[in-house]
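User: I would like to learn how to read helix packing and burial from a set of coordinates. Could we go through one case together, feature by feature?

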Amino acid sequence: MFQQDGAPGHKAYETQDFLRDKCPDVISVDPHWRNPIGEWPPNSPDLNPLDYAVWSILEQKACAKPHSNVESLKRALKKAWNEITLDTLVKIVDNFPKRLKACVDAKGGHFE
């Protein structure tokens, strides 16, 4: 992937131009917030499984009590991560099509 101006590879202008040229059905992403030409909602936490599910699980498990230092928090997060079952992760990912439809229905706006 190309990279320009510190943008992630999938957002670089050259990459998006290549994808639009070679893959006519691609859902393009905005290469830069000042140039809103893409169809994919920018920075949409509603479409990121980490944002809409995993972080809340980790927070609930790891932050039930205050931590006196960063190392304590790191240990609690590692323990919480290891307690998330594969079945839970599969359910989270399987929920993606429903969330994508809700996002489309909301025309890219918030839907929760």
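Analyst: Let us begin with contacts: two residues are in contact when they have heavy atoms within 4.5 Å. In this predicted model, residues 24 or more positions apart account for 31% of the contacts with a separation of 6 or more.

User: How many helices and how many strands are there in the protein?

Analyst: The protein has five helices and zero strands, so that, read along the sequence, its pattern is α-α-α-α-α. Of its 112 residues, 24% count as buried.

User: How should I describe a pair of packed helices, and at what angle do the axes of α2 and α3 cross?

Analyst: Two packed helices are described by the angle between their axes together with the distance between those axes. For helix α2, which spans residues 49-62, and helix α3, which spans residues 70-83, the axes come within 9 Å and cross at roughly 120°. Because of that angle, α2 counts as oblique to α3, and the crossing in which α2 passes α3 is right-handed. On the α2 side the contact is made by V54, L58, K61 and A62, while α3 contributes A76, L77, A80, W81 and E83. Sorted by class, this contact has seven nonpolar residues, two charged residues and no polar ones.

User: Which residues of α2 and α4 meet, and how are the axes of these two helices arranged?

Analyst: The axes of α2 and helix α4, the latter covering residues 86-94, come within 10 Å and cross at roughly 150°. Since angles over 145 degrees count as roughly antiparallel, α2 is therefore roughly antiparallel to α4. The crossing of α2 and α4 is right-handed. In this contact P49, Y52, A53, V54 and I57 of α2 meet T88, L89 and I92 of α4, and by class there are seven nonpolar residues, one polar residue and no charged residues.

User: Which residues make up the largest nonpolar core, and which helix gives the most to it?

Analyst: In soluble globular proteins, nonpolar side chains tend to be buried together. Here the largest nonpolar core has ten residues in all, namely Y52, A53, V54, I57, L58, A62, A76, A80, I84 and I92. Helices α2 and α3 each supply at least two residues of this core, and α2 gives the most, with six residues. One member of the core is L58; leaving out residues up to four places away in sequence, L58 touches C63, L77, A80, W81 and I84.

User: How do I read accessibility for charged residues, and does R75 count as buried or exposed?

Analyst: The reading rests on relative accessible area, where buried means under 20% and exposed means over 50%, with partly exposed in between. R75, which is found in helix α3, counts as exposed because its relative accessibility is 55%. The C-alpha atoms of R75 and A62 are separated by 8.6 Å, although these two residues are 13 residues apart along the chain.

User: What does K61 contact once its neighbours within four places in sequence are left aside?

Analyst: With those neighbours left aside, K61, which lies in helix α2, is in contact with A80 and E83. K61 and E83 are 22 residues apart in sequence, yet their C-alpha atoms are 9.0 Å apart in space. K61 is partly exposed, because its relative accessible area is 39%.

Conventions. Residues are numbered from 1 along each chain as its sequence is written. This is a predicted model: local features need pLDDT of at least 70, side-chain atom pairs count only at pLDDT 80 or more; totals for chains, interfaces and linings use all residues. Side-chain values use heavy atoms; hydrogens and water are left out. Axes are lines fitted to C-alpha atoms, for helices over the stretch in contact, and angles run from 0 to 180 degrees between N-to-C directions. Helices (H or I, at least four residues) and strands (E, at least two) are DSSP runs, numbered from the N terminus. Angles under 35 degrees count as roughly parallel, over 145 as roughly antiparallel, 65 to 115 as roughly perpendicular and the rest as oblique. A crossing is left-handed if the near helix is turned anticlockwise from the far one by less than a right angle, and right-handed if clockwise. Ala, Val, Leu, Ile, Met, Phe, Trp, Tyr, Cys and Pro count as nonpolar, Asp, Glu, Lys and Arg as charged, and the others, Gly among them, as polar. A nonpolar core is a set of buried Ala, Val, Leu, Ile, Met, Phe, Trp, Tyr and Cys residues joined through side-chain atoms within 4.5 Å. Buried means under 20% relative accessible area, exposed over 50%, partly exposed in between (1.4 Å probe, protein chains only).
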